[in-house]
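The exercises below are to be worked with the sequence and the model side by side. Each task is followed by a solution in steps.

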Amino acid sequence: MRKDLKQPVPRTRSHTVESVLAIAKHPIHPMLVTFPIAFLSMVVVTDVLYLWLGAPFWAELSFWFNVGGLGFGVLAGLVGTLDMMSIRVVRRHVSAWNHFIVAVMVLAMAALGVWLRVPDPVAAVWPWGLLSSAVMAVLVGVAGWLGGTLSFRHGIGVYGDEETDSASGRDAVKKPPAE
């Protein structure tokens, strides 16, 4: 029986690349992207609810989700861009550039949505508001998928492994293999 409650460590670990912009090894970009993902994904839902129920509240909520998603998206995009440009290994990944391009497309669609909705959020929903929010929701899904691929498949923006720690001059802590 184990005497301590340590996280099991697999015998083999994939190479990982730590984020430059992090707080106590927790990368800032993945923390920030949760907000634009949530806000911008809900714009199409609230557009459909407005069309279904006819209550102007839903069209107004679409506008504010769009504004909040754009604001947090720009912030997350700046942090992600700084992180990408600071790490040479990341810049060499095609997935990183694909994620970057799709994320810029998401921000462009969010800006279009805000521009459409500013004069009159209710009148903007049909047809162009709904169309732009639907395209934006698909792009959010693609950007999220590509970002997840960077983290989970390529190990980008996660805790560094022992090779990374020793290469950066930190003392690597030897961990026992998983039981």
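**Exercise 1. Place Gly 157 in the chain and list its contacts from farther along the sequence.**

Step 1. Gly 157 is found in the loop between helix 5 and helix 6 (162-167); helices (H or I, at least four residues) and strands (E, at least two) are DSSP runs, numbered from the N terminus.

Step 2. The model is predicted: local features need pLDDT of at least 70, side-chain atom pairs count only at pLDDT 80 or more, and totals for chains, interfaces and linings use all residues. Residues are numbered from 1 along each chain as its sequence is written, and side-chain values use heavy atoms, with hydrogens and water left out.

Step 3. Gly 157 counts as buried at 15% relative accessibility, where buried means under 20% relative accessible area, exposed over 50%, and partly exposed in between (1.4 Å probe, protein chains only).

Step 4. With neighbours within four places in sequence left aside, Gly 157 is in contact with Val 17, Ser 19 and Pro 27; contact means heavy atoms within 4.5 Å. Lys 25 is 132 residues from Gly 157 in sequence, and their C-alpha atoms are 9.2 Å apart.

**Exercise 2. Check the length of helix 4 and describe its packing.**

Step 1. Helix 4 covers residues 94-117, and its 24 residues should span 34 Å at 1.5 Å a residue. The expected span is 1.5 Å times one less than the number of residues.

Step 2. The end C-alpha atoms of helix 4 are 35 Å apart, which agrees.

Step 3. Among the buried residues of helix 4 are Ser 95, His 99, Val 102, Val 106, Gly 113 and Arg 117. The buried residues pack against helix 1 (28-53), helix 2 (56-86), helix 3 (88-91) and helix 5 (125-153).

Step 4. On the helix 5 side, take Thr 149. Thr 149 counts as buried at 16% relative accessibility, and touches Ser 95 and His 154, not counting residues up to four places away in sequence.

**Exercise 3. Find the salt bridge and say which elements it joins.**

Step 1. The rule asks for a side-chain nitrogen of Lys or Arg within 4 Å of a carboxyl oxygen of Asp or Glu. By this rule the count comes to one salt bridge.

Step 2. The pair is Arg 117 and Asp 47, at 2.8 Å from N to O. Arg 117 lies in helix 4 and Asp 47 in helix 1, so the pair ties together parts that are 70 residues apart in sequence.

Step 3. Arg 117 is buried, with a relative accessible area of 0%. Asp 47 also counts as buried, at 0% relative accessibility.

**Exercise 4. Which residues touch the most other members of the largest nonpolar core?**

Step 1. A nonpolar core is a set of buried Ala, Val, Leu, Ile, Met, Phe, Trp, Tyr and Cys residues joined through side-chain atoms within 4.5 Å.

Step 2. The largest core has 15 residues, of which Leu 40, Val 102, Val 106, Ala 110, Met 136, Leu 139 and Val 140 touch the most other members. Helix 1, helix 2, helix 4 and helix 5 each supply at least two residues of this core.

Step 3. A second, separate core of seven residues includes Ile 87, Val 90, Leu 150 and Ile 156.
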